[in-house]
Amino acid sequence: MKNDIDTKTLLNVYEQIQKHGEQTEKGKLYQGLYAYSDIDGYTVFIEGSGVLLRFGFHNTYHLDYQSDKNKEDFMNKVLSIAHQD
């Protein structure tokens, strides 16, 4: 999946999870989504509902998921967080 989500929206959601989330071993958890980054901070991850989103260099991202239902649930959570501000 490419270019279905505005990259500014993804970064906003990542920041909202970091700001409002509860710290866990995996990363910050907020409204069913985890947000964390790799050691150097160049790649950020948002994970939940059976989906892993990797967002990295040159504002590119990739979604890994098993079913369209997982993707739909994940996107609903992402958009819900994005519209909170």
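**Loops, a helix and a core**

Reader: Let's start with Q31; where is Q31 found?

Author: Q31 lies in the loop that runs between β2 and β3, and I should say at once that this is a predicted model.

Reader: What is phi of Q31 near?

Author: Phi of Q31 is near 50°, which is a positive value in a residue other than glycine. As background, most residues other than glycine have a negative phi.

Reader: And is Q31 buried or exposed?

Author: Neither word quite fits, because Q31 has a relative accessibility of 39% and therefore counts as partly exposed.

Reader: Which other residue, in the loop between β4 and β5, should I look at?

Author: Look at S49, which is found in the loop between β4 and β5 and has a positive phi, near 55°, although S49 is likewise a residue other than glycine. S49 is partly exposed, with a relative accessible area of 21%, and the cut-off for being buried is under 20%.

Reader: How far is S49 from K19, C-alpha to C-alpha?

Author: The C-alpha atoms of K19 and S49 are separated by 20 Å, while the two residues are 30 residues apart along the chain. K19 itself belongs to helix α1, and K19 is exposed, with a relative accessible area of 63%.

Reader: Since we are on α1, what should its 14 residues span?

Author: At 1.5 Å a residue, the 14 residues of α1 should span 20 Å, and the end C-alpha atoms of α1 are indeed 20 Å apart, so the expectation and the model agree.

Reader: Which residues of α1 are buried?

Author: The buried residues in α1 are T9, L10, V13, Y14, Q16 and I17. Seen down the axis of α1, these buried residues fall within an arc of 160°, which means that they line one face of the helix. The face turned away from that buried side carries the exposed residues K8 and K19.

Reader: What do the buried residues of α1 pack against?

Author: They pack against β2 (28–30), β3, β4, β5, β6 and α2. To take one residue of the helix, V13 is in contact with I46, V78, I81 and A82, once its neighbours within four places in sequence are left aside.

Reader: Which residues of the largest nonpolar core touch the most other members?

Author: That core has 20 residues, and V13, I17, L33, I46, L53 and F74 touch the most other members. At least two residues of the core come from each of α1 (7–20), β3 (33–37), β4 (44–48), β5 (51–56), β6 (60–65) and α2 (68–82), and α2 gives the most, with five residues.

Reader: Switching to β2, what is L29 in contact with?

Author: L29, whose place is in strand β2, is in contact with G21, E22, T24 and Y34 when its neighbours within four places in sequence are left aside. L29 is partly exposed, at a relative accessible area of 29%, and the C-alpha atoms of L29 and I17 are 6.6 Å apart in space, although the two residues are 12 residues apart in sequence.

Reader: Last topic, rings: how many aromatic pairs does the structure hold?

Author: The structure holds one aromatic pair. The rings of Y36 and F45 have their centres 5.1 Å apart and their planes at 20°, so the pair is stacked, and both Y36 and F45 are buried.

Reader: And what sits over the ring of Y34?

Author: The charged end of K26 sits over that ring, 5.1 Å from the centre of the ring of Y34.

Conventions. Residues are numbered from 1 along each chain as its sequence is written. This is a predicted model: local features need pLDDT of at least 70, side-chain atom pairs count only at pLDDT 80 or more; totals for chains, interfaces and linings use all residues. Side-chain values use heavy atoms; hydrogens and water are left out. Rings of Phe, Tyr and Trp (its six-membered ring) pair if their centres lie within 6.5 Å; planes under 30 degrees apart count as stacked, over 60 as edge-to-face and the rest as tilted. Buried means under 20% relative accessible area, exposed over 50%, partly exposed in between (1.4 Å probe, protein chains only). A charge sits over a ring if NZ of Lys or CZ of Arg is within 6 Å of the ring centre and within 35 degrees of the ring normal. A nonpolar core is a set of buried Ala, Val, Leu, Ile, Met, Phe, Trp, Tyr and Cys residues joined through side-chain atoms within 4.5 Å. Helices (H or I, at least four residues) and strands (E, at least two) are DSSP runs, numbered from the N terminus. Contact means heavy atoms within 4.5 Å. The expected span of a helix is 1.5 Å times one less than its number of residues. The arc is that of the directions from the helix axis to the C-beta atoms.
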